[in-house]
Amino acid sequence: MAERILYKYLDMKGGLAMLEHHNLQFTNATKFNDPFDCHPALFDYSNIPATPHNWPPAWFIKLKGETDMEDLRNSTWICCFSKVYDSLLMWAYYNGHKGICIGLDEEAVLECCHYKFLGLMFPYAAEVKYKNIHTKLDYFKEHPLWDELLTTKAKEWAHEQEVRLITKDPVWVHARRDIPYELYEEELVDGKEIRHYPQLTGECFKSIYLGVNIFPKNKQKIIKVAKKLNPTIKIYQMTLDPEAFRLKEEIIDD
């Protein structure tokens, strides 16, 4: 089976840091920009099943359903990728075409994450499904619910063609943990603010795509660091297609 490449769009600072530290950032599912992302409101909890002797009571069953999905969201950490490297929109709002896009071997990445991870569930890959969020699923009839909560987004995001690496209650034994810089001075920090950084091997990094507007000095920095990390990595310069509103890649020879 052919390898699947996952793509990570980054600004110059983030891209250089990812290559230098050769790691991934896993973020809690409650910390995404889209407030609907992984939200328990994606489900309908009103069709409560009948129980013998009316116990437990209906209000308790409904509350437990909502609480279970909220707990799942709180205990899940995710790293996001795209299936494409040439999205005009992704290049625009991630780095203004001045950064990079990194291509990673999915199988090799998962192998590294499994090695760095200690817990009851290894990270796994899942593709995001795009639909109208008001078409709710019946919590008490639809199974499994896990992926429906963690991989359902509004159709407005479909251009991202997102793939997620997902893990629950991570306990990283060989990965750095960190919190956002702006929270360093806080005495008490919500555990959901913690980010996890499992390290990858050089073989995970298959390709680098340089933005159309990348600065020449930054281009040379990226090439140098990328080749040091993986001498066989393929590096491409993104260019404008003169025949259409799309991007084209041109390989940079050694």
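These are my notebook entries on a predicted model, ordered by what I looked up.

**Entry 1: the largest pocket**

I began with the largest pocket, which holds about 1,300 Å³ of space. Its lining is made up of 35 residues, and those closest to the centre are Lys8, Leu10, Gln25, Thr27 and Tyr94. I then asked which elements each supply at least two residues of the lining. The strands on that list are β1 (5–10), β4 (76–82), β10 (162–168) and β12 (195–197), and the helices are α1 (12–21) and α3 (88–95). By residue class, I noted 16 nonpolar, 12 charged and 7 polar residues in the lining.

**Entry 2: strand β13 and its neighbours**

Next I turned to strand β13, residues 205–210. Is this strand enclosed or open? Of its 6 residues, 5 are buried, so I wrote it down as largely enclosed by the rest of the structure. The cut-off behind that reading is a relative accessible area under 20%.

I looked up its pairing on both sides. With strand β5 (residues 100–105), β13 pairs in the antiparallel sense, over 5 bridges. One contact I noted there is leucine 104, whose bridge partner in β13 is phenylalanine 205. With strand β14 (residues 234–240), β13 runs parallel, and 4 bridges join the two. Here isoleucine 208 has isoleucine 235 of β14 as its bridge partner. Between β13 and β14 the chain passes through helix α6 (residues 216–229), and I recorded this β-α-β crossover as right-handed.

**Entry 3: salt bridges**

I searched the whole structure for salt bridges and have 14 on the list. Side chains of opposite charge can pair when their charged atoms come close.

I looked first at lysine 31 and glutamate 193, where the closest N and O atoms are 3.2 Å apart. This pair links distant parts of the chain, with the two positions 162 residues apart in sequence. Lysine 31 is in the loop between β2 (27–28) and β3 (43–44), while glutamate 193 is in the loop between β11 (176–178) and β12. Lysine 31 has a relative accessible area of 33%, so I have it as partly exposed.

The second pair I checked is glutamate 148 with lysine 131, at 3.8 Å from N to O. Which elements hold the two residues? Glutamate 148 is in helix α5 (residues 146–150) and lysine 131 is in strand β7 (residues 129–131), so the bridge ties together parts 17 residues apart in sequence. Lysine 131 is partly exposed, at 27% relative accessibility.

The third pair is aspartate 169 with lysine 168, and I noted 2.9 Å between the closest N and O atoms. Both partners come out as partly exposed: aspartate 169 has a relative accessibility of 42%, and lysine 168 has 27%.

I also found a network of salt bridges, which links Asp37, Lys153, Glu160, Glu162 and Arg164.

**Entry 4: back to helix α5**

Having placed glutamate 148 in helix α5, I looked at aspartate 147, which is in that helix too. Aspartate 147 is partly exposed, with 28% relative accessible area. I took the separation of its C-alpha atom from that of lysine 129, which is 9.5 Å for two residues 18 apart along the chain.

**Entry 5: backbone oddities**

I went through the backbone last. Where is the cis peptide bond next to tryptophan 55? It runs from tryptophan 55 to proline 56, with omega near 0°. Proline 56 belongs to the loop between β3 and α2 (58–74).

I also noted positive phi values in residues other than glycine. Cysteine 38 has phi near 60°, and its place is in the loop between β2 and β3. Is cysteine 38 buried or exposed? Its relative accessibility is 0%, so I have cysteine 38 as buried.

Glutamine 161 is another such residue, with a phi of about 45°. I located glutamine 161 in the loop between β9 (152–154) and β10. Glutamine 161 counts as partly exposed, at 33% relative accessibility.

How values were computed: Residues numbered from 1 in each chain as written. Predicted model: local features only at pLDDT ≥ 70, side-chain atom pairs only at ≥ 80, totals over all residues. Heavy atoms only, no water. 1 Å grid on protein atoms, 1.4 Å probe; cavity = no way out; pocket = protein on both sides within 12 Å on 5 of 7 lines; lining within 4 Å. Points joined across faces, edges and corners; volume = space filled by probe spheres on them. Nonpolar A, V, L, I, M, F, W, Y, C, P; charged D, E, K, R; others polar. Buried < 20%, exposed > 50% of the residue type's maximum accessible area, 1.4 Å probe, protein only. Pairing = 2+ DSSP bridges. Right-handed = clockwise from strand over helix to strand, strands pointing away. Salt bridge = Lys/Arg side-chain N within 4 Å of Asp/Glu carboxyl O.
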